[in-house]
Amino acid sequence: AEKVHLQDRLALQSTLSDLSSQYLTLAIAEASDFGNSQPWSFKPRDPADTRRLSDFVGSSRLLNHGAALLGITGTPINEASHDGGLPPATDPGYRPMLASLVARKPGVSSVMVYKAHPVVALAVPIIRNGQPAAIFVAAFRADQGALQAYTSKLKFGGTGMTFLLDSSGGVVAATDPRLIGTHK
């Protein structure tokens with residue numbers, strides 16, 4: 001029985017890992033498709049760019065917390081959000097995302113808590129004429145996403161728990177939703 005229980009836990013762990021990878025792959029593809037298909041002006045607080053960002057946040061099923069345009073050096077250009085905005089650029093949770101961008105890969109932040117909401121952001125470069133022209137950042141609320149909806153349904157007796165952790169040990173999803181945004 002113990003061996004079967006261990007095999008079940010390992011299978012569930014693999015399934016949750018695969019699900020989170022697929023979720024991020026879809027979210028990155030959505031952000032990249034959107035970010036690279038828009039006629040951005042790249043002018044600070046441009047009303048048309050704000051509308052595009054707001055429309056994206058309002059219609060995205062995955063990245064519906066907030067979105068922003070940044071200059072190629074990370075300088076904020078424009079932002080649109082629901083639920084009170086995105087964490088400030090100084091939040092240390094952005095470090096893994098920025099490190100990936102520097103390595104020329106899409107980036108994913110650690111879970112950040114901003115205005116009492118656990119938020120995960122991701123970033124993709126916006127390419128113009130074959131060169132990075134800006135950065136598109138989009139975020140989701142970790143406590144309201146598909147990963148949390150799936151994880152919250154997992155049951156392991158009366159005391160067992162499951163966590164989905166980011167690269168810094170932040171809880172992105174958990175069987176106990178009160179733990180989202182904490183560190184293990």
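Strand 1 (residues 66-71) and strand 6 run antiparallel and are joined by 6 bridges, where two strands pair if DSSP finds at least two bridges between them and where strands (E, at least two residues) and helices (H or I, at least four residues) are DSSP runs numbered from the N terminus. The structure is a predicted model, in which local features need pLDDT of at least 70 and side-chain atom pairs count only at pLDDT 80 or more, while totals for chains, interfaces and linings use all residues. Residues are numbered from 1 along each chain as its sequence is written, and side-chain values use heavy atoms, with hydrogens and water left out.

## Strand 6 and its partners

Within the pairing with strand 1, G71 has A134 of strand 6 as its bridge partner. Strand 6 is also joined by 10 bridges to strand 5 (residues 117-128), again in an antiparallel arrangement, and here A123 has V137 of strand 6 as its bridge partner. The hairpin of strand 5 and strand 6 has 2 residues between the strands, and N129 takes a positive phi near 55° in this hairpin. Strand 6 (residues 131-141) is largely enclosed by the rest of the structure, because 8 of its 11 residues are buried; buried means under 20% relative accessible area, exposed over 50%, and partly exposed in between, with a 1.4 Å probe and protein chains only.

H117, which is found in strand 5, counts as buried at 17% relative accessibility. The side chain of H117 makes a polar contact of 3.1 Å with the side chain of R141, a polar contact being a pair of N or O atoms within 3.5 Å of which, within protein, one must be able to donate a hydrogen and the other to accept it, with residues adjacent in sequence counted only if both atoms are side-chain atoms. When residues up to four places away in sequence are not counted, H117 touches D83, M112 and R141, contact meaning heavy atoms within 4.5 Å.

## Aromatic pairs around F34

The count of aromatic pairs comes to 6, under the rule that rings of Phe, Tyr and Trp (its six-membered ring) pair if their centres lie within 6.5 Å, with planes under 30 degrees apart counted as stacked, over 60 as edge-to-face and the rest as tilted. F34 and F56 form a tilted pair, with 4.6 Å centre to centre and 35° between the planes. This pair links distant parts of the chain, since F34 lies in helix 1 (residues 2-37) and F56 in helix 2 (residues 47-59), 22 residues apart. Both F34 and F56 are buried. F34 also forms a tilted pair with F136, at 5.6 Å centre to centre and 45° between the planes, and this second pair connects helix 1 with strand 6 across 102 residues. F136, like F34, is buried. One aromatic cluster is formed by F34, W40, F56 and F136.

## The largest pocket

The largest pocket has a volume of about 380 Å³. On a 1 Å grid over the protein atoms alone, a pocket is an open set of points with protein on both sides within 12 Å along at least five of seven lines, and lining residues have an atom within 4 Å of a point. Of the 21 residues that line the largest pocket, L70, G74, A89, M97 and V137 are the closest to its centre. Strand 1, strand 2 (76-81), helix 3 (95-102) and strand 6 are the elements that give two or more residues to this lining.

## Residues in loops and in helix 4

Three loop residues are set out below with their places and relative accessible areas.

| Residue | Loop | Relative accessible area |
|---|---|---|
| R45 | between helix 1 and helix 2 | 67%, exposed |
| K115 | between strand 4 (112-114) and strand 5 | 53%, exposed |
| P88 | between strand 2 and helix 3 | 41%, partly exposed |

Most residues other than glycine have a negative phi. R45, however, has a positive phi near 55°, and K115 has a positive phi of about 50°. P88 is in contact with Y94 and Y114, leaving aside its neighbours within four places in sequence, and its C-alpha atom is separated by 20 Å from that of K43, 45 residues apart along the chain.

T151, found in helix 4 (residues 146-152), is buried with a relative accessible area of 0%. Not counting residues up to four places away in sequence, T151 touches L16, T162, A173, A174 and T175.

Conventions. On a 1 Å grid over the protein atoms alone, a cavity is a set of points where a 1.4 Å probe fits but cannot get out, and a pocket is an open set with protein on both sides within 12 Å along at least five of seven lines; lining residues have an atom within 4 Å of a point. Grid points are joined across faces, edges and corners, and a volume is the space filled by probe spheres set on the points.
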